[in-house]
Each structure stands twice: as C-alpha cells, then as structure tokens.
Amino acid sequence: MGRFLYPVDTDQFADIRKDGKVYVDKTDMVFDLVGKYRYVFLARPRRFGKSLLCNTFKAYFQGQKELFEGLKIAELEKEWKRYPVLHFTMSGLKNLPVPLAQSKLENFISDYEAVYGKSPELKTPGARFRGLIHRACEQTGEKVVVILDEYDSAIMRLMYEPEQLEAMRTMLREFYQVLKDEGAYLRFVFITGVTKFSQLSIFSELNNLTQISMYDEYSGLCGITQEELDTVLRPCVEEYAQNLEITTDEAYALLKKNYDGYHFSRKSQDVYAPFSVLRAFDGRNTDHYWFESGTMTSLIEHLRHYPLKTALQYDGVKVGLDEFNISCESASTPIPLLYQSGYLTIDSYEPLLKTYTLHFPNLEVRSGMVSGLMPLILKRTTADGNSLTRNMASSLFEGDVSGAISALRSYIAKIPYDIITKEEWNDKESRESFYKLLLYMAFSMLNSIVDTEVRSILGRADVVIKTRTDIFVLELKVDDTVDHALEQIDSKGYAIPYEADGRKVTKCGVSISSEARNITHWRVVDADGNITDEQVFGL
C-alpha cells in the first residue's frame, strides 16, 4: 500500500480532509472569489473537480473552520461566520423526463424545507425556492448562500428534442429566476456547468452573473496545474515513478503526455485532468479514464448530428471566440460542443488576429476520440483497429517500418468502398481529406503503444515514431510521389532534431492513391540517403 490516499471515489471536501486524503489547496482562490463577487459562474468539463469545489464553498460558508486548518484560507479568513447554504446538485435531474425532473427538484427543496419550514400555499419549484430563501434568512439572521452544481445536466441530452428542451427550460427558468429576484437575501451564488449559462437561455435575466470561465487568474481553479504537480504533488509523482519502476522525470513525461494540455483562457496555466491523474496515481498505471461511464456513447449521439468524419478534423483548427464559445444547439459545427465538453482545448492565442488554435489536449482524449470514431467512420470493427495497432507496433519494435506500413495497407484494403459518397470520390479535395483522416487515425491509435507524434489533419502530414532503438520520420502523401515525400522531409528538416539523439534515424516516404484506394508506394532510406527498402504496387 502506498503512502498516499487518493480521493478517487469521493468529491466530498469534508471526507477528504477528515480521512487525510490528498487535497490540492485552492482555498486562496475561494477566498478571493468570495471577496470580489456575489454571483459567480464557472464552466469546466466533466470530471474536473467542480463538485469538490462546490463542496469546499459549502464547508467554508458553513463555518467549518476545522476542515481548513493548514490550508491557505486559514491565514486569510478571520471571522468564520456561518451562513445558511442551499446546495443543489443538478446532475440528479440528468436523463429524466420533465415531470420526473421537476419531482426530483421538488425533493431537493423538501430536504431544506425540513430544516427551515414550508409554506403549503407555495406550489411551484420557484415559489418554494423563494420561500425557502426568505425563511432561511429570517431564521438565521444571515443572508443565504446558493450553490448550483452542474446546472445544465438536465438540458444537454435534450439539445435535439426542441419540445422537451423548451419544456425543461421553462421549468428550470421559473426556479432559477428566483436568484435574480431575491438578491437582497443572498450572500453568494456559485453556479457550475459544462456549457456557458447564457447559451441555454435559462439565466437570461441574471445579467449580474460574473463568468470566470476564461479569466486567466482562475484558469487553475479546477484541475491540477503544472506548478502544483511540480511542488505539492511531487512526492506523489515520486512514489508513482517507483511503482512503475521508472525515473521521476520519466513519470512526469508520462503524466504530461497522457493527462496534460488543458488551457481555459488566453494566458491559462497548464492544467492536467485531475480525475485521470489521481486514478493513475492510485492504480499505479497509465490507463485512460476520460471515456469511462459511457461518455463516448453520449458524445457520439451528439456528433451524429454532424458528419462524423469532421469531428477529428478540428484538432488544430483556428477559430474566433464566437466560433467555440457559443450555443451548442445553434452551432453549425460540433466545435462548441467539443470545446465546452473538454475534447478540444485552447492551444494558443494570436492577439493580432484574435484567433484561437484548438487541439485535443492529450493522448488520453485523442486516442479515445479516434478509437471511438474510427470503427464508425471506416466501418471496421474495434477489434480490427486494435489488431492493426498491435501489428504495426510489433514491426516497429523490431525496426521494421516496412512491416508496419504493410500492416496498414492490409487494413485499408478491407475498408468498404461505400464509406464516402460518389460525389466525395469525384472531388479531389474530398478524397485527399479522407485519406489524410485515415492516416491520422491509424497513427494516433499507434501512439497508445509506440511514442508517435502525428500532426494535425489540417496541416502537414509528417509522423515521427520513436522506439528504444529507432526513430522513424515519415511523410505521407495522397496522390503524390514518394520522391516528393522524401524531398519534403529533407527540405523541411524534419529529421534534423533527431540526428544527435543516438538512436538510428530512418526516413520513409509513403504515397497513397485515391484511385487505387490504398498505399501504392513506399521507400525507406537511412540517415545518409541510402535506400534500404522499397515497395511499389500497381493501381
């Protein structure tokens, strides 16, 4: 058993503190927010610690000083007043029809009415909520704190069911409207969700709500920052490295590759997915956790409303703020959904053009997206994709890049012809895009076993594969020659960064023909330009 207890099965702040489990202290930001604002909204992807943050606010406003001993806020807070806290976990309404969702919400209200009393003449959720706030304030002599966690859970599944969506909105709007009307009775309101609040037209009247989702100073409010991993969590990383029998530096590299890469503002801190990191520490592995609990199924349900082939093409897309920070239901692309749900994240910002570059944040998300969508796009089974990955990896570990390409060629040969339309086949750009997507998916899957750097579908098509003994630099061309592929490797200097690495460097040009619908030519050359293998296939 390790030295550390990880909170992989709870988001309860009190339990984490009482049980001595690992807790990354962000209470200075809690104190800062409470001092600056009265109405605060934070959007973050699922499994990013929003519920733990809500429970931290709850404990703070309930005056549970003993839970905060040794934390930053203990040095900042001098009064520790106790306020009445109404905390609603709205994820309990998820996947329920409107009548049952309303009934569940009324049950939440009933729990607090058991404490502060009930007015029988008040019937609707909003009216009962209003009365509850008044009575809590009157009975305690203090203003009320309201915490709404995952406010949009009940809405997201209804995005493509207009009648049900509007009925759910109407019910929730009557409840949430109280927050605007009863400001005189409220000390602090904290709301979390995945989607920006205004996008679902529930809080259209609540114009004094401060959205901190893209504030640089709060970019690390949820999640684990690089600084936190380097300092307070370093002992955990060291134990993790010992368990995996690798160096601490190698452990840091594994964690970064698999779970890092999230950025939530223009100058965001570097943020790791907290659930995945803690599960990796606890399980002593590098498994992927992002797509557990049916998440991929839910995502695909949304993506089916767009061409599935486009979903992976947004890795590296350049967009303005109004192209990814807008309403999911009214968007013409899945970019807002992918960004707000954490499948895409901000990679960089160009202030002159006011343009953001979005990317899949890490291997965990990229491989999950590819493995989930690849069977649907190519109409090959998941087992076929896994077999391809193993066969390619096996060849590469033996230094045989030709064997890996041959395995890929065999896989492509069995892809049905009807996966894209006749019109797409007749359009040269569409054909090229499809095969670039195919190669992107294949080499992204390979990265789950072999260290593989695959560029964006939208940009250059070079791939770098690293094993313990070899480095393979590949350039992939669609309807072009291997001569041009190899010339590009040399002219762009793709292999230069690896010349002093110590491992054997091999360059490979690959040509895929949209007419033959497969790889038709590859050539392998060593670092000196000598041809070591070449295969040519007829159309």
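This report describes the domains, sheets, ring contacts and one loop residue of a predicted protein model.

Residues are numbered from 1 along each chain as its sequence is written, and side-chain values use heavy atoms, with hydrogens and water left out. Because the model is predicted, local features need pLDDT of at least 70 and side-chain atom pairs count only at pLDDT 80 or more, whereas totals for chains, interfaces and linings use all residues.

## Domains and sheets

The protein chain is divided into domain 1 (25–218), domain 2 (293–363) and domain 3 (383–536), with bounds that come from an automatic or database domain assignment. The centres of domain 2 and domain 3, taken over C-alpha atoms, are separated by 26 Å.

Helices (H or I, at least four residues) and strands (E, at least two) are DSSP runs, numbered from the N terminus, and two strands pair if DSSP finds at least two bridges between them. Strands of a sheet pair through backbone hydrogen bonds, either parallel or antiparallel.

One open sheet has 5 strands in the order S2-S3-S4-S1-S5, with parallel pairing. Strand S2 (85–89) and strand S5 (210–211) stand at its edges, each with a single partner strand, so one side of each is left without a neighbour in the sheet. Strand S4 (residues 186–193) is joined by 5 bridges to strand S3 (residues 144–149), and 5 bridges also join S1 to S4. Of the 8 residues of S4, 7 are buried, so S4 is largely enclosed by the rest of the structure; here buried means under 20% relative accessible area, exposed means over 50% and partly exposed lies in between (1.4 Å probe, protein chains only). Helix H3 (residues 50–61) lies across strand S1 (39–43), S2, S3 and S4, and runs at about 170° to S4; such angles run from 0 to 180 degrees between N-to-C directions, with axes fitted to C-alpha atoms, for helices over the stretch in contact.

A second open sheet has 3 strands in the order S8-S10-S9, and its pairing is antiparallel. Its edge strands are strand S8 (318–319) and strand S9 (345–350), each of which pairs on one side only. S9 is joined to strand S10 (residues 355–359) by 5 bridges.

The table lists residues that face each other across paired strands.

| Residue | Partner |
|---|---|
| Ile147 | Phe190 in S4 |
| Val145 | Phe188 in S4 |
| Tyr39 | Val189 in S4 |
| Ile346 | Leu358 in S10 |

## Rings and charges

The structure holds 33 aromatic pairs, where rings of Phe, Tyr and Trp (its six-membered ring) pair if their centres lie within 6.5 Å, and planes under 30 degrees apart count as stacked, over 60 as edge-to-face and the rest as tilted. One of these pairs, Phe4 and Tyr6, is tilted, at 6.3 Å centre to centre and 45° between the planes. Phe4 is partly exposed, with a relative accessible area of 22%, while Tyr6 counts as buried at 6%. Ring pairs also link a cluster whose members include Phe57, Phe61, Phe188 and Phe190.

A charge sits over a ring if NZ of Lys or CZ of Arg is within 6 Å of the ring centre and within 35 degrees of the ring normal. The charged end of Arg44 sits over the ring of Phe264, 4.0 Å from its centre, and that of Arg380 sits over the ring of Tyr411, 4.4 Å from its centre.

## A loop residue

Pro97 is found in the loop between S2 and helix H5 (98–116), and counts as partly exposed at 37% relative accessibility. Pro97 touches Arg157 and Met168, not counting residues up to four places away in sequence, where contact means heavy atoms within 4.5 Å. The C-alpha atoms of Pro97 and Ala154 are separated by 8.8 Å, although these residues are 57 residues apart along the chain.
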